[in-house]
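Q: Please take me through one strand of this protein and then its surroundings, step by step. I am in my first year, so keep the sentences short.

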Amino acid sequence: MKSACASQALRPPAFAYGGATSGSRATELHCEGVSLETLAARHGTPLYVYSAAMIRARVDAYRQAFHSIPNTLCYSVKANSTFGILRLLANAGAGFDVVSGGELERVLRVSRKAVSKVVFSGVGKTAAEMELALRSGILLFNLESASELNLLSATASRLKKRAAIAVRVNPDVSAKTHPYISTGLHRHKFGVPIPEARALYAQAAKQPYLSVAGVSVHIGSQITDVGSFQEAIARVVDFVRVLRKDGHDIRYIDAGGGLGISYGDNDEADADANANTDADNANVKESLIKSQLSPVYPRVPCGLSLSRVLNQSFPNANADDDNDDGAQVDFAKQIAAYAKAVLAPLRGMNLHLLLEPGRSIVGPAGVLLTRVLYRKTNYRKRFLIVDAAMNDLLRPSLYGAYHEIVPVRRTSRATGPTKLESTKSGSIESELTETEITDVVGPICETGDFFARDRKLPLVAEGDLLAILDVGAYGAVLSSNYNTRPRAAEVLVDGAKAKVIRRRETVEDQMRPEIQ
Ligand SMILES: Cc1ncc(COP(=O)(O)O)c(C=O)c1O
């Protein structure tokens, strides 16, 4: 496939156009060695398709970037919890970050061995969930309140099982991301303010079945400003010093997840979605003064996006787009910038680093295939009505999130060599391909049921197949049965092989739990 796709890689090494027969101007989107048209014909649409190679490559990139310090990658199960994905990650040596008893059950089913690398996060763990985690022998509980600490202590005493704990601190740092996925500010429900956390550690140390082991922090998701991570870790490191002086044996620092990915054209607009940034920064300053904690390390200036940081740090970051592995090289560079930010404050601290990435591992590794049901024009506005809907992929409706959409089969109108064939950009559109401005919407009875608005797309016909990109994280997991629509099937591609890892739901599946 490499030769056919060398200049047409969309999300290398996973998704690329290829398969053109000689003399034909049509190229088809593939996932690794498998044609997406073929998958859609075999399994129907809407269909989630994931690339195993890309997921493995991203785990490796994390491993390389953080090799200088003892660390454990605890993949955040919430991003994509399908067994096939979890099994792949367990086989790649990952541990897991879970936020419910259900997620822990999933991990237990794919790998009993991985449970010793499980951290349990979340603000509302129940006694039953704690009991399951204690009996399973997880690595660490990340506690978020005094009440939760008391309940864990009582549960652990009852079971006579020791629980290793960290307190998730709220560092009051702005993540400069969408407000719904920003978690590290004083007004958020997450974590414990650093000045109050000290007393919690003192309380934990007195409990016979609790063992103080670490400090944890997670400031949000889809974060593209690596300086926010550095600032948060620096505050936590300050706090670790205080805790060690108090006599606590702090061995772990859990840096959470949150590293953002590039969703395409609109990254800056996504970042701008957080209109509260200035107010947040003011609050950060005020609370720093109050808590008398200051960042020890100079941070990357506020507002520097990951791409801008990368361009400064790695001027040639995008120079090799014509290479099949180009985007993966870019990810290695992104990860290097992230690692630099996280590791700088940790130097000399003798801590074992826990990382909880979700989106940056699986996000770009998934596409959602959907067929155009109808073309429609209301007044002069054009719509493509597709067979996927907000119940299959909620992110555009929930966050106004941008996802690039491309036709799976592409045919150029040109007779000579296309601009695409001579470009190095890997861009999806040749200027020689006919385009239109259209909305891409689902069949659900909500105006909010859309995937794209006023988007310039290559002209496609009813029955054509589209791929919505970068849906590997927070895609299938957020799907629902709204409008009594069955959840989509999911397929994992590995080289030339494709395996259904979740069959399409039936209407009967949905009705089974109900009393008729
Ligand atoms: C505690 C915790 N850890 C890890 C993650 C994973 O974040 P991401 O998918 O952005 O890497 C989340 C998600 O918000 C989270 O709440």
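A: What follows begins with one strand and its partners, then moves outward to loops, helices, a second strand and the ligand.

Keep in mind that this is a predicted model. The strand to look at is β22, which covers residues 489–494. Is it enclosed or open? Of its 6 residues, 5 are buried, so β22 is largely enclosed by the rest of the structure.

Now look at the partners of β22. On the one hand there is β5, made of residues 47–51. β5 and β22 run parallel, and 5 bridges join them. To find the pairing on screen, pick Tyr 48, which stands opposite Glu 490 in β22. On the other hand there is β23, residues 497–502. This pairing is antiparallel, and it also has 5 bridges. Here Val 491 is a good marker, because its bridge partner in β23 is Val 500. So β22 pairs with β5 in the parallel sense and with β23 in the antiparallel sense.

How does the chain get from β22 to β23? The two strands form a hairpin, with 2 residues between them. One residue of that turn is Gly 495, whose phi is positive, about 70°. Most residues other than glycine have a negative phi.

β22 also has a contact partner from elsewhere in the sequence. Val 493 and Gly 33 are 460 residues apart along the chain, yet their C-alpha atoms are separated by 8.2 Å. Gly 33 lies in the loop between β3 (26–31) and β4 (34–35). Is Gly 33 buried or exposed? It is partly exposed, because 14 C-beta neighbours lie inside 10 Å, and that count falls between the limits of 12 for exposed and 20 for buried.

Go back to β5 and step into the loop before it. Pro 46 sits there, in the loop between α2 (36–43) and β5. The peptide bond that joins Thr 45 to Pro 46 is cis, with omega about -5°. Most peptide bonds are trans. Another cis bond runs from Pro 12 to Pro 13, with omega near 0°. Pro 13 belongs to the loop between β1 (9–11) and β2 (15–18).

Backbone angles pick out two more loop residues. Asp 172 has a positive phi of about 55°, although it is not a glycine. Asp 172 is found in the loop between β10 (163–170) and β11 (192–193). Asn 350 also has a positive phi of about 55° and is not a glycine. Its loop runs between α13 (326–343) and β14 (352–355). Which of the two is buried, and which is exposed? Asp 172 is buried, because 27 other C-beta atoms lie within 10 Å. Asn 350 is exposed, because 11 other C-beta atoms lie within 10 Å.

Next come the helices. Two packed helices are described by the angle between their axes and the distance between the axes. Take α5 (residues 101–110) and α6 (residues 127–136): their axes come within 9 Å and cross at roughly 25°. That angle makes α5 roughly parallel to α6. The crossing is left-handed. Now take α4, residues 83–91. The axes of α4 and α5 come within 9 Å and cross at roughly 60°. That makes α4 oblique to α5. This crossing is right-handed.

Compare a second strand, β21, residues 465–468. In a regular strand the side chains alternate between the two faces of the sheet. In β21, Leu 465 and Ala 467 point one way, Leu 466 and Ile 468 point the other way, and all are buried. One partner of β21 is β15 (residues 366–378), antiparallel, with 4 bridges. In that pairing Thr 370 stands opposite Leu 466. Another partner is β17 (residues 405–407), also antiparallel, over 3 bridges. There Val 406 has Ala 467 as its bridge partner.

End at the ligand. How many residues surround it? There are 17, and the closest are Ser 76, Ser 221, Gly 257, Gly 358 and Arg 359. What kinds of residue make up this shell? It divides into 4 nonpolar, 9 polar and 4 charged.

How values were computed: Residues are numbered from 1 along each chain as its sequence is written. This is a predicted model: local features need pLDDT of at least 70, side-chain atom pairs count only at pLDDT 80 or more; totals for chains, interfaces and linings use all residues. A residue is near a molecule or strand if its C-beta atom, placed from the backbone, lies within 6 Å of it. Ala, Val, Leu, Ile, Met, Phe, Trp, Tyr, Cys and Pro count as nonpolar, Asp, Glu, Lys and Arg as charged, and the others, Gly among them, as polar. Axes are lines fitted to C-alpha atoms, for helices over the stretch in contact, and angles run from 0 to 180 degrees between N-to-C directions. Angles under 35 degrees count as roughly parallel, over 145 as roughly antiparallel, 65 to 115 as roughly perpendicular and the rest as oblique. A crossing is left-handed if the near helix is turned anticlockwise from the far one by less than a right angle, and right-handed if clockwise.
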